[in-house]
Amino acid sequence: MRIFHNETVDRLAKRLIPGIAVAGLAAWGIAYGGPELENVPGLIPLAEAVDLENGESASSGSAAGTLAALNTAGQGETSSDPFTDGTYKDGTYTGTARGFGGNITVKVTISGGKIEAIDVVSAPAETPSYFARAKGVISKILSKQSPNVDTVSGATYSSNGIINAVKRALTQASGGTSGGVDDTPEAPANPTTPTEPVKPDDFTDGTYKDGTYTGTAEGFGGDITVKVTIAGGKITAIDVVSAKDETPSYFEKAKAVIAQVIAKQTPNVDTVSGATYSSNGILNAVRRALTQASGEPEEPEQPDTPVQPEEPTPVQPDENTETEDIVYSADISCVPDEYGDFDAYDMTVAVTVRQTTKTETKTVTDADGQTKTVTQKTVTRAISNIAVTRPDASSENWRYITWALDGRGSAAGIKAQAIEKQSFDGLDAVSRATCSSKSLMEAGKTLDLALGTTVTEEEQ
């Protein structure tokens, strides 16, 4: 995990301290006719050192940019951009620079002396979610026709890597001798994250047999099947064969793990934040395919066995016993929590209470030795069923309602738990249907079900 406040403070300090010094000397020079800033010993190297460490040009607001701007302001000159002022030769040029996790390589296409296109060739070690944000600098560069643009907040190192790679490509396009390779120091490690011991990777340590292998694993909504192609003992392609029950928007994010697996030649990579279950399903499916490719027997997947709620033991009716099913209903809104990404919807929860009334006539003797006849009535009320009768929800939400009500895999649903405990308190929400589960529980708690057994006596 990246911790940006440390980086922000560090960068701010590095920018402000030299900048304050430069601004102070500028004010002194202007007021008292002192020497030009560019002639003040040590300031130019100091400003350039800050620029080099931050990986930015003088136009980005750093100390060197402040120095150049103040000098040109004092001399009545206009600051120039060495990239937009240059003439580029038509063609395609490649540049590489260091991002957050490793090298980023871009391809820059020049047509008519203008930057026509910028394509990312490779960025295997970048975190997909952050890198997607970082690529926002590409449109800025194309619009400005210069790589001297601001980095993306929250993806500073990755976007800076793209910018520097473009600069190196453009240096070649303008006739420079840059080899297109960056020697920028690696992004600093997060000081608050302890270093974990290196664990052996069962997959990268194995030898794969060439061929095509298929693996299936459980994702968020159901099974995900992938096809893995091995050539020359290496993973060359991973294709999703089916994932019909996955939510499309989340699954598109989840597929980012495929590029990571191919780049690292192992499925032991991080899942995608915000699409954890789907991306983990892809990775587990790849693992199953690679197990076949390595010649090892595949471990069979444990199928989901739905838990069937135990029906209450039917009471054998007799002439003294009456049984009645009473239905109570409550309208409830299912509202997403901070982790949910769906529109709130309404549903009606119907709880059936089976009421059994047993009437007996007894002869009893009181404390005074008097004998009397009494009618004893025993009423037992128990939850026998729970149903959702009117969901104002899309077909997609039906899946979650069903999981919450009837359970999923080895997890018991709210219906089975409530019937077993005869209460809506202390029940466990069903994984992946948390909001629907909580709504069912809240609906049950609002009803006055009067569960349990009551005994009354009436003297005849």
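# Strands, helices and salt bridges

Let's start with one pair of residues: Thr 94 has its bridge partner, Lys 107, in strand E2. You are looking at a predicted model, so keep that in mind as you explore. Thr 94 and Lys 107 are a good way into a sheet, and from there we can move through the rest of the chain.

**The whole chain**

The chain contains 12 helices and 12 strands. Of its 460 residues, 39% are buried. If you take the contacts in the chain with a separation of 6 or more, 59% of them come from residues 24 or more positions apart.

**A sheet of three strands**

Strand E1 runs antiparallel to strand E2 (residues 103-111), and eight bridges pair them. How many strands does the open sheet have, and in what order do they come? There are three, in the order E1-E2-E3, and the pairing is antiparallel. E1 (91-98) and E3 (114-122) are the edge strands; each has a single partner strand, so one side of each has no neighbour in the sheet. From one strand to the next, the twist averages 25 degrees. Which strands does helix H6 touch? H6 (residues 156-173) packs on the sheet and touches E1, E2 and E3, with a direction at about 140 degrees to that of E1.

**Two helices side by side**

H6 has a helix partner too. Helix H5 (residues 136-144) packs with H6 at an angle of about 35 degrees, and their axes are 9 Å apart. The crossing of H5 past H6 is right-handed. On the H5 side, the contact is made by Val 137, Ile 138 and Ile 141; on the H6 side, by Ser 159, Ile 162, Ile 163 and Val 166. Sorted by class, this contact has six nonpolar residues, one polar residue and no charged residues.

**A hairpin and its neighbour**

Further along the chain, strands E8 and E9 (residues 371-388) run antiparallel and are joined by 17 bridges. In this pairing, Lys 358 is opposite Thr 378 of E9. Together, E8 and E9 make a hairpin that has five residues between the two strands. Look for Gly 369 in the turn, where phi is positive at about 85 degrees.

E9 also pairs with strand E12 (residues 452-459), in the antiparallel sense and over eight bridges. Here Arg 381 is opposite Gly 452 of E12.

**Salt bridges**

How many salt bridges does the structure hold? There are six. One of the salt bridges is between Lys 255 and Glu 252, whose closest N and O atoms are 3.0 Å apart.

In another salt bridge, the side chains of Asp 325 and Arg 354 meet at 3.1 Å, N to O. Asp 325 belongs to strand E7 (residues 321-334) and Arg 354 to strand E8 (residues 345-365), so this pair ties together parts that lie 29 residues apart in sequence.

The side chains of Lys 445 and Asp 425 also form a salt bridge, with 3.8 Å from N to O. This pair links distant parts of the chain, 20 residues apart: Lys 445 sits in helix H12 (residues 434-446), and Asp 425 sits in the loop between helix H11 (414-421) and H12. Which residues share partners here? Asp 425, Glu 442 and Lys 445 are joined into one network by salt bridges that share partners.

How accessible are the residues of these three pairs? The table lists them one by one.

| Residue | Relative accessible area | Class |
|---|---|---|
| Lys 255 | 30% | partly exposed |
| Glu 252 | 52% | exposed |
| Asp 325 | 43% | partly exposed |
| Arg 354 | 30% | partly exposed |
| Lys 445 | 42% | partly exposed |
| Asp 425 | 49% | partly exposed |

Asp 425, at 49%, counts as partly exposed, whereas Glu 252, at 52%, is exposed; the exposed class begins over 50%.

**An enclosed helix**

Our last stop is H11. Why is H11 described as largely enclosed by the rest of the structure? Six of the eight residues of H11 are buried, so the rest of the structure encloses most of this helix. The buried residues are Ile 414, Lys 415, Ala 416, Gln 417, Ala 418 and Ile 419. Gln 422, just after H11, has a positive phi of about 55 degrees.

Methods
Residues numbered from 1 in each chain as written. Predicted model: local features only at pLDDT ≥ 70, side-chain atom pairs only at ≥ 80, totals over all residues. Heavy atoms only, no water. Pairing = 2+ DSSP bridges. Helix = DSSP H or I, 4+ residues; strand = E, 2+ residues; numbered from the N terminus. Axes fitted to C-alpha atoms, helices over the stretch in contact; angles between N-to-C directions. Contact = heavy atoms within 4.5 Å. Salt bridge = Lys/Arg side-chain N within 4 Å of Asp/Glu carboxyl O. Buried < 20%, exposed > 50% of the residue type's maximum accessible area, 1.4 Å probe, protein only. Left-handed = near helix turned anticlockwise from the far one by under 90°. Nonpolar A, V, L, I, M, F, W, Y, C, P; charged D, E, K, R; others polar.
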